[in-house]
Each structure stands twice: as structure tokens, then as C-alpha cells.
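Trainee: I would like a close look at one part of this model. Please start there and then work outward.

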Amino acid sequence: MNVLEYTIHDLISANWPKIWKFNQSNPTTKTAIPAAPRPTGFDPWHPLRRWLDRLEIRDRQMAHWLCQHIPAQCPFERDIHIGGKVLFHIPPMCKLNPLYEEVVTLRFRALCYLADECGEDISLYC
């Protein structure tokens with residue numbers, strides 16, 4: 001038995017109780033556990049999130065503009081140096097943005113459009 005088979009066997013046996021639950025009336029019957037429900041409540045950002053997710057990129061100039069103006073990594077993350085030593089680190093604050101995932105996904109879709117549809121080199125934006 002190689003390591004891969006041993007690891008897969010352990011993962012399957014370790015996760016088996018989480019995947020299946022037994023019917024209390026008939027313990028031999030297994031039913032799948034449904035997916036976790038989405039959180040309900042008021043989300044003021046939902047219309048803007050939906051608009052960003054549905055935005056289609058069909059123009060080369062628009063794709064270039066998005067790739068130029070949406071940074072590849074958080075511009076706020078910094079190390080503060082004094083005397084050659086790191087005094088403290090400012091963590092990336094972009095994840096506090098409620099639309100962070102949608103904006104990053106939009107940039108990724110623009111990069112994919114430029115690479116796949118237009119056949120351009122996107123190494124400039126990476």
C-alpha cells in the first residue's frame with residue numbers, strides 16, 4: 001500500500017460520519033446531510049454584488065481598464081521599518097471591504113477574457 005492509498009483511506013473513513021447520517025427508525029438506511037443553509041437577513045450590498053457578478057466583459061478596453069485599476073494584491077499591506085528592523089506589520093485591509101470577493105472575481109474574469117478571447121499576454125497585470 002502506498003502513501004496515497006493510505007491517506008485517501010484515512011480521509012474517507014474520517015469524513016464518513018460527517019457525510020452520512022443514520023435514520024433513527026432504521027439504522028441501516030443512510031440519507032445525505034443537506035447543504036448548510038445560506039444566512040438569512042438583511043444584506044444592503046446584495047444588489048451591488050449581484051450587479052458585479054452579472055457584469056459581462058465583452059470589450060477589450062474595458063477589460064484593460066479593470067485590470068489596471070483593480071490591484072492584484074492589497075495596496076494597504078505594509079511593513080514599517082525603523083533602523084533596518086520591522087517595527088510592525090499593517091495587515092491587508094481589503095478583506096474588510098464587503099465587495100472584495102466580487103471585485104477580485106471581476107478582475108479575474110477580465111484577465112481571462114484578455115487571455116482566452118483576445119489572445120493577449122496578461123503577464124503585465126500579474
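Which residue in strand 4 is the bridge partner of arginine 78?

Mentor: The partner is isoleucine 90. Keep in mind that this is a predicted model. Arginine 78 and isoleucine 90 belong to a pairing of two strands. Strand 3 covers residues 78–82, and strand 4 covers residues 85–90. The two run antiparallel and are joined by 5 bridges. Together they form a hairpin, with 2 residues between the strands. Look at glycine 83 in that turn: its phi is positive, about 65°.

Now place the hairpin in the chain. The protein chain has 4 helices and 4 strands. Along the sequence, the pattern reads α-β-β-α-α-β-β-α. Of contacts between residues at least 6 apart in sequence, 46% join residues at least 24 apart.

Next, the core. The largest nonpolar core holds 14 residues. Those that touch the most other members are Ile57, Ala63, Leu66, Cys67, Ala110 and Leu114. Two elements give two or more residues each: helix 3 (60–69) and helix 4 (100–117). Helix 4 supplies the largest share, 5 residues. As background, nonpolar side chains in soluble globular proteins tend to be buried together.

Take isoleucine 57 as a way into this core. Setting aside its neighbours within four places in sequence, isoleucine 57 contacts Met62, Ala63 and Leu66. Its other contacts on that count are Leu106, Arg109, Ala110 and Tyr113.

Stay with helix 4 for a charged residue. Glutamate 102 sits in this helix. Its relative accessible area is 13%, so glutamate 102 counts as buried, the cut-off being under 20%. Beyond neighbours within four places in sequence, glutamate 102 is in contact with Arg49, Leu52 and Asp53.

Helix 2 spans residues 46–54, and tryptophan 51 lies in it. Tryptophan 51 is classed as exposed because its relative accessible area is 52%, and exposed means over 50%. Trp51 joins Trp45 and Leu48 in a nonpolar surface patch of about 330 Å².

Finally, the whole surface. The protein chain exposes about 10600 Å². Carbon and sulfur atoms supply 61% of that area. Of the chain's 126 residues, 14% are buried. Glutamate 102 is buried, whereas tryptophan 51 is exposed.

Terms used: Residues are numbered from 1 along each chain as its sequence is written. This is a predicted model: local features need pLDDT of at least 70, side-chain atom pairs count only at pLDDT 80 or more; totals for chains, interfaces and linings use all residues. Side-chain values use heavy atoms; hydrogens and water are left out. Patches are made of residues with over 30% relative accessible area and no salt bridge: like charges are joined within 9 Å, nonpolar side chains (Val, Leu, Ile, Met, Phe, Trp, Tyr) within 5 Å. Accessible areas come from the Shrake-Rupley method with a 1.4 Å probe; for residues, only the protein chains shown count as cover. A salt bridge is a side-chain nitrogen of Lys or Arg within 4 Å of a carboxyl oxygen of Asp or Glu. Buried means under 20% relative accessible area, exposed over 50%, partly exposed in between (1.4 Å probe, protein chains only). A nonpolar core is a set of buried Ala, Val, Leu, Ile, Met, Phe, Trp, Tyr and Cys residues joined through side-chain atoms within 4.5 Å. Contact means heavy atoms within 4.5 Å. Two strands pair if DSSP finds at least two bridges between them.
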